[in-house]
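Q: Please give me a close look at a single part of this model, the lining of its largest pocket: which classes of residue make it up? After that, I would like to follow the neighbouring elements outward, residue by residue.

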Amino acid sequence: MTPALTREELFAAYALAGRDEPSIRVNFVSSADGALTVDGHSGGLGGVTDRRLMQVLRAMSDAILVGAGTVRSEGYAGVRPGARDAAWRADRGLEAVPPIVIVSGDLALDPGLGVFTEAAARPIVVTHSASPVEQRRALDPVADVLVCDPGASGRVDLSNARDQLAARGLTQLLSEGGPHLFGALLEANLVDELCLTVSPHLVGGSSGRILQGAGEAARPYVLAHALTDDEGFVFLRYTR
């Protein structure tokens with residue numbers, strides 16, 4: 001095993017093939033026995049390299065995709081890259097801060113949440129045409145609200161959401177959960193890459209898996225790499 005992987009090593013290991021085509025990368029950490037959280041939060045499973053990797057993946061992304069439930073349970077606030085990551089983005093012509101894109105069908109989001117009030121980049125909320133109009137109006141001052149069901153299906157069309165975001169120049173999306181959003185993305189055949197950190201902890205209990213809601217099927221992906229560090233973490237990168 002190697003010491004905690006450096007920022008430069010992680011940028012090289014997780015480099016994008018290009019930025020022109022829309023792509024969705026999913027990032028999760030789980031325990032060795034498959035638990036997603038400890039005491040309801042994922043933070044207790046992480047380590048030095050895992051936290052550094054999250055920052056590197058965020059720095060590479062055009063936007064961070066997250067479900068409304070994860071925003072509430074994990075206490076998401078505004079994303080603020082460090083000085084070196086901001087410089088890395090500036091050198092590549094990227095905006096200083098990637099916006100958070102929140103997927104929500106019922107728009108049960110308080111405009112006073114930190115994800116809105118502490119955001120350095122204006123958040124985007126993705127919803128559908130049957131979501132409450134009054135709640136859309138309540139969110140208008142703090143976020144851009146995108147209606148993403150062109151056929152008025154009453155459910156968020158994630159493919160349409162990806163296309164609308166790409167039209168805004170946000171082609172490289174990093175999904176940080178939760179598991180139901182991951183399942184919906186997989187069901188819609190939109191997952192281009194999975195970055196999975198396996199934590200050297202055994203948790204037990206009733207914590208859920210990283211993926212929920214997708215129909216059962218074997219969907220083949222290719223192992224691009226398996227890295228380790230001296231804390232016993234394994235960093236897996238799967239691509240189509």
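**The largest pocket and the elements around it**

A: Sorted by class, the lining of the largest pocket consists of 12 polar, 8 nonpolar and 6 charged residues. The model is a predicted one, and every value that follows is computed from it. The pocket has a volume of about 650 Å³, and its lining comprises 26 residues, with Ser42, Met54, Glu74, Tyr76 and Glu176 nearest the centre. Two or more lining residues come from each of strand S1 (23-31), helix H2 (48-60) and helix H3 (68-74). Of the elements, H2 contributes the most to this lining, namely 5 residues.

It is useful to begin with S1, where Val29 is located. Val29 has a relative accessible area of 9%, and because buried means under 20%, this residue counts as buried. Setting aside residues up to four places away in sequence, Val29 touches Ala35, Leu36, Ser42, Leu45, Asp50, Thr197 and Ser199. Among these contacts is Ser42, which is also one of the residues that lie nearest the centre of the pocket. By contrast, the C-alpha atom of Val29 is 18 Å from that of Ala184, a residue 155 positions away in sequence.

Another contact of Val29, Ser199, belongs to strand S7. Its relative accessibility is 1%, and so Ser199 counts as buried. The side chain of Ser199 reaches the backbone oxygen of Leu45 at a distance of 2.8 Å. If residues up to four places away in sequence are left out, Ser199 touches Val29, Ser30, Ser31, Ala32, Leu45 and Phe233. Leu45 is therefore a contact of Ser199 as well as of Val29, by the 4.5 Å heavy-atom criterion.

S1 and S7 also appear together in the cover of helix H8 (residues 179-187). The buried residues of H8 are Pro179, Leu181, Phe182, Gly183, Leu185 and Leu186, and what covers them includes S1, strand S2 (63-67), strand S3 (100-103), helix H7 (158-167), strand S6 (172-175) and strand S7 (193-199). Just after H8, the backbone at Asn189 takes a positive phi of about 60°.

From H7 and S6, which take part in that cover, one can move to the loop that joins them, where Thr171 is found. Thr171 counts as buried because its relative accessible area is 11%. Its contacts, not counting residues up to four places away in sequence, are Arg19, Asp20, Glu21, Pro22, Ser23, Asp62 and Ala166. A polar atom of the Thr171 side chain lies 2.7 Å from the backbone oxygen of Arg19, and the same side chain makes a polar contact of 3.4 Å with the side chain of Gln172. Ser30, in turn, is 141 residues away from Thr171 in sequence, with 27 Å between the two C-alpha atoms.

Asp62, a contact of Thr171, sits in the loop between H2 and S2. With a relative accessibility of 7%, Asp62 counts as buried. The side chains of Asp62 and Arg19 form a polar contact at 2.9 Å. Beyond its neighbours within four places in sequence, Asp62 is in contact with Arg19, Leu94, Pro98, Pro99, Gly169, Leu170, Thr171 and Gln172. Arg19 thus has its backbone oxygen facing the Thr171 side chain at 2.7 Å, while its side chain meets that of Asp62.

A last stop is the loop between strand S5 (144-147) and H7, which contains Arg155. Arg155 has a relative accessibility of 62%, and because exposed means over 50%, this residue counts as exposed. Its contacts, leaving out residues up to four places away in sequence, are His128, Cys148 and Asp149. The C-alpha atom of Arg155 is separated by 7.6 Å from that of Thr127, which is 28 residues away along the chain. Cys148, touched by this exposed arginine, is itself buried because its relative accessibility is 0%. Cys195 likewise counts as buried, at 1%, and the structure holds 0 disulfides.

Methods: Residues are numbered from 1 along each chain as its sequence is written. This is a predicted model: local features need pLDDT of at least 70, side-chain atom pairs count only at pLDDT 80 or more; totals for chains, interfaces and linings use all residues. Side-chain values use heavy atoms; hydrogens and water are left out. On a 1 Å grid over the protein atoms alone, a cavity is a set of points where a 1.4 Å probe fits but cannot get out, and a pocket is an open set with protein on both sides within 12 Å along at least five of seven lines; lining residues have an atom within 4 Å of a point. Grid points are joined across faces, edges and corners, and a volume is the space filled by probe spheres set on the points. Helices (H or I, at least four residues) and strands (E, at least two) are DSSP runs, numbered from the N terminus. Ala, Val, Leu, Ile, Met, Phe, Trp, Tyr, Cys and Pro count as nonpolar, Asp, Glu, Lys and Arg as charged, and the others, Gly among them, as polar. Buried means under 20% relative accessible area, exposed over 50%, partly exposed in between (1.4 Å probe, protein chains only). A polar contact is a pair of N or O atoms within 3.5 Å; within protein, one must be able to donate a hydrogen and the other to accept it, and residues adjacent in sequence count only if both atoms are side-chain atoms. A disulfide is a pair of cysteine sulfur atoms within 2.5 Å.
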